[in-house]
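Me: I am new to this structure and would like to know what the terms used for it rest on. Please show it first.

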Amino acid sequence: MLSERELESCYLGQFIPVHYHHNMLMDTNRMHNFRAAIAHVVQPGMKVLELGGGTGALSFFAAQRADKVYCIDFNPDMVQEARRFLALNRCAGKVEVIHADAFEYLPPEPVDVVICEMLHVAMLREKQVELIENFKRRYLQKFGGPLPVFLPEAVLMAAQPMQQEYDFEGFHAPIVQFQQPGAAQPGTVEMAQPAVYSVIDFTQANDTSYSWEGKFVIDRDGTVSAIRFITKTILSVVQERATTIDWLNHFMSLPLEQPVAVKAGDVLQVGFAYRAGGSIPSLQARLTARLLYQAALQPQVVAYA
């Protein structure tokens, strides 16, 4: 029988199924960018902590340079998987896989880098923000400053009005859709440019709830039937090259309860509120869109020679 804390974790992401972690291993873009960021941040001799280690892949990357890596996971199945994979990769002696709740665990010694990849689109479902804020408070109480470097360093979140087709062989079903960035999406039309609604900097104190209202100038005639949520993760800032190592999560498109017919030049107002780590339905329940300005109804200005 699972405890109340374990049941909550099953829903909120700490007990992600094993096969989902295997799918993450097959995401070439994700793996390449995390490996590059970890290689940039982790220097020889460092101590590293990974919270929510999953298969142990990110701890393996860290172990290529670090002296010691603590890999924490709450899911006993993933602890077993990580130990097996790390043994196969001959770094089990450098990486210690520990079955523990990341909300309660602290390393036995100060660490230089904390890796945590509990990242869902719009920072929903998984508890990255709350976990890091909780960890910073407990770490400072135990070890004092300075805090370790966090990887990822920051997250940018944006929203974008979309015209989304929901016809499936004649069956109309407005559903949540996850889409691969950069891939062609049949039946998907961007109706305005994205707008950033929140920036999370893990070196600073962060709120765990988001409330936003913004305006979009519509680019073309059509129907806004969904709002796309875009999440760009800044894994590491490469100061010497004035660039960043990023990871763009899958887009999440949420259908509107009431689609809005629009014309080019109209102004659409979008609002929503949710908490970090909350459910997708909790965001959908507070997602609204309405016309604020109709270009066709505005008086025309006549120019005289």
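Me: Which residues lie nearest the centre of the largest cavity?
Reply: In this predicted model, His 21, Gly 52, Gly 53, Gly 54 and Glu 117 lie nearest the centre, among 22 lining residues.

Me: What makes this space a cavity and not a pocket?
Reply: A cavity is a set of points where a 1.4 Å probe fits but cannot get out, whereas a pocket is open. The space here is about 250 Å³, and the structure holds two cavities of 30 Å³ or more.

Me: Which helix gives the most to the lining of the largest cavity?
Reply: Helix H2 does, with three residues. Helix H4 (57–63) and strand E2 (68–73) each supply at least two.

Me: How do the lining residues of the second largest cavity divide into nonpolar, polar and charged?
Reply: They divide into three nonpolar, four polar and one charged. Asp counts as charged, and Asp 27 is in this lining. Trp counts as nonpolar, and Trp 247 is there too.

Me: How do you know that E2 and E3 pair?
Reply: Pairing needs at least two bridges, and five bridges join E2 to E3, so the two strands count as a pair. In one of these bridges, Ile 72 has Ile 98 of E3 as its partner.

Me: Why is one side of E3 and of E5 left without a neighbour in the sheet?
Reply: The open sheet has the order E3-E2-E1-E4-E5. Strands E3 (95–99) and E5 (149–151) stand at its edges, each with a single partner strand, so one side of each has no neighbour in the sheet.

Key: Residues are numbered from 1 along each chain as its sequence is written. This is a predicted model: local features need pLDDT of at least 70, side-chain atom pairs count only at pLDDT 80 or more; totals for chains, interfaces and linings use all residues. Side-chain values use heavy atoms; hydrogens and water are left out. On a 1 Å grid over the protein atoms alone, a cavity is a set of points where a 1.4 Å probe fits but cannot get out, and a pocket is an open set with protein on both sides within 12 Å along at least five of seven lines; lining residues have an atom within 4 Å of a point. Grid points are joined across faces, edges and corners, and a volume is the space filled by probe spheres set on the points. Helices (H or I, at least four residues) and strands (E, at least two) are DSSP runs, numbered from the N terminus.
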